[in-house]
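Q: Please take a close look at a single part of this model, the helix nearest the end of the chain, and say how it sits among its surroundings. Then follow the connections outward to the rest of the structure.

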Amino acid sequence: MKTTSLLVAAGVCLAGAALAGPPAPSDVVYEDGAVAMSLTGVPGDPENGRSIMNKGAGNCIACHEVTALADLPFHGEIGPMLDGAADRWTEAELRGIVANAKVMFPESMMPSFYRTDGYIRPGDAYTGKAAPTPLEPLLTAQEIEDVVAFLMTLKEE
Ligand code: HEC
């Protein structure tokens with residue numbers, strides 16, 4: 001019964017997302033740190049997610065070791081090893097962790113990849129004015145979905 005209404009809600013939201021585009025980072029709904037709804041309604045591309053893990057704004061392996069990415073150098077040990085992440089977490093939880101890890105892990109040093117508010121902007125401190133252009137999240141909504149799709153491949157059991 002609960003599942004059915006969730007599925008109905010998911011369907012409605014997917015239709016809404018297709019029309020309206022991804023939610024603004026501040027509009028994403030977290031439940032116990034998890035984000036049940038796809039941010040885009042478009043299935044993530046695990047291959048693209050894999051490459052985001054390794055470069056640019058993602059650069060997850062600066063802090064995380066992942067055996068599936070053992071071909072890449074410089075794995076950090078600040079965060080936990082991500083092998084088996086899909087056994088430990090649901091897709092919704094992984095989406096929440098990647099979008100804004102600080103909801104799941106308060107005080108975490110893991111960056112919030114889909115968040116634009118709550119930062120202290122250096123410019124503001126001097127001018128008291130909002131930054132001239134809105135901040136962009138570190139990753140786009142679809143890049144979040146791609147990374148989540150890659151994380152969902154990290155199963156050991
Ligand atoms: C600056 C370091 C840092 C970066 C960069 C980082 N993380 Fe993390 N991550 C952490 C830490 C630390 C934790 C442990 C949670 C906490 O803070 O208590 C964590 C936790 C996690 C977890 C839960 C781990 C588990 O299985 O228990 C996942 C999944 C994760 N990170 C994925 C990612 C992904 C994907 C990226 C890149 C998009 C990323 N992280 C980038 C530091 C980082």
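A: In this predicted model, helix α6 is mostly covered, with 9 of its 11 residues buried. Those buried residues are Ala-141, Ile-144, Glu-145, Asp-146, Val-147, Val-148, Ala-149, Phe-150 and Leu-151. The cover over them includes α2, α3 and α4.

One residue of the helix can serve as an example. Asp-146 is located in α6, and it counts as buried because its relative accessibility is 6%, where the limit for buried is under 20%. Leaving out neighbours within four places in sequence, Asp-146 is in contact with Gly-44, Asp-45, Pro-46, Asn-48, Gly-49 and Ile-52. Helix α2 spans 46-52.

A further link to α6, which spans 141-151, comes from Thr-40. Thr-40 belongs to the loop between α1 (2-20) and α2. Its side chain and that of Gln-142 are joined by a polar contact of 2.7 Å. Thr-40 has a relative accessible area of 14%, and is therefore buried.

Helix α6 also takes part in a pocket. The second largest pocket has a volume of about 500 Å³. It is lined by 26 residues, and the closest to its centre are His-64, Pro-80, Leu-82, Ile-97 and Met-110. Each of α3, α4 and α6 supplies at least two residues of this lining, and α4 gives the most, with 3 residues.

Two of the residues closest to the pocket centre, His-64 and Met-110, also bind metal. They are the protein donors of the iron atom of the ligand, through NE2 of His-64 and SD of Met-110, at 1.9 to 2.1 Å from the iron. His-64 lies in the loop between α2 and α3, and Met-110 in the loop between α4 (91-104) and α5 (122-127), so the pair ties together parts that are 46 residues apart in sequence. The iron atom has 6 donor atoms around it, and the arrangement is octahedral because the angles they subtend run from 87 to 177 degrees. For six donors, that label requires opposite donors to be over 155 degrees apart and all others to lie between 65 and 115. Both His-64 and Met-110 are buried.

The loop between α2 and α3 (85-88) also contains Thr-67. With a relative accessibility of 48%, Thr-67 counts as partly exposed, because exposed means over 50%. Setting aside residues up to four places away in sequence, Thr-67 touches Met-81 and Asp-83. The C-alpha atoms of Thr-67 and Asp-83 are 6.4 Å apart, with a sequence separation of 16 residues. Their side chains make a polar contact at 2.3 Å.

For the chain as a whole, the secondary structure consists of 6 helices and 0 strands, in the order α-α-α-α-α-α from the N terminus. Of the 157 residues in the chain, 34% are buried. Among contacts between residues at least 6 apart in sequence, 57% join residues at least 24 apart. The polar contact between Thr-40 and Gln-142 and the contacts of Asp-146 with residues including Gly-44 and Ile-52 are examples of links between parts distant in numbering.

Terms used:
Residues are numbered from 1 along each chain as its sequence is written. This is a predicted model: local features need pLDDT of at least 70, side-chain atom pairs count only at pLDDT 80 or more; totals for chains, interfaces and linings use all residues. Side-chain values use heavy atoms; hydrogens and water are left out. Helices (H or I, at least four residues) and strands (E, at least two) are DSSP runs, numbered from the N terminus. Buried means under 20% relative accessible area, exposed over 50%, partly exposed in between (1.4 Å probe, protein chains only). Contact means heavy atoms within 4.5 Å. A polar contact is a pair of N or O atoms within 3.5 Å; within protein, one must be able to donate a hydrogen and the other to accept it, and residues adjacent in sequence count only if both atoms are side-chain atoms. Donors are N, O and S atoms within 2.8 Å of the metal (3.2 Å for Na, K and Ca); water is not among the atoms, so sites may look incomplete. Four donors count as tetrahedral if all angles lie between 85 and 135 degrees; four count as square planar and six as octahedral if opposite donors are over 155 degrees apart and all others between 65 and 115; anything else is irregular. On a 1 Å grid over the protein atoms alone, a cavity is a set of points where a 1.4 Å probe fits but cannot get out, and a pocket is an open set with protein on both sides within 12 Å along at least five of seven lines; lining residues have an atom within 4 Å of a point. Grid points are joined across faces, edges and corners, and a volume is the space filled by probe spheres set on the points.
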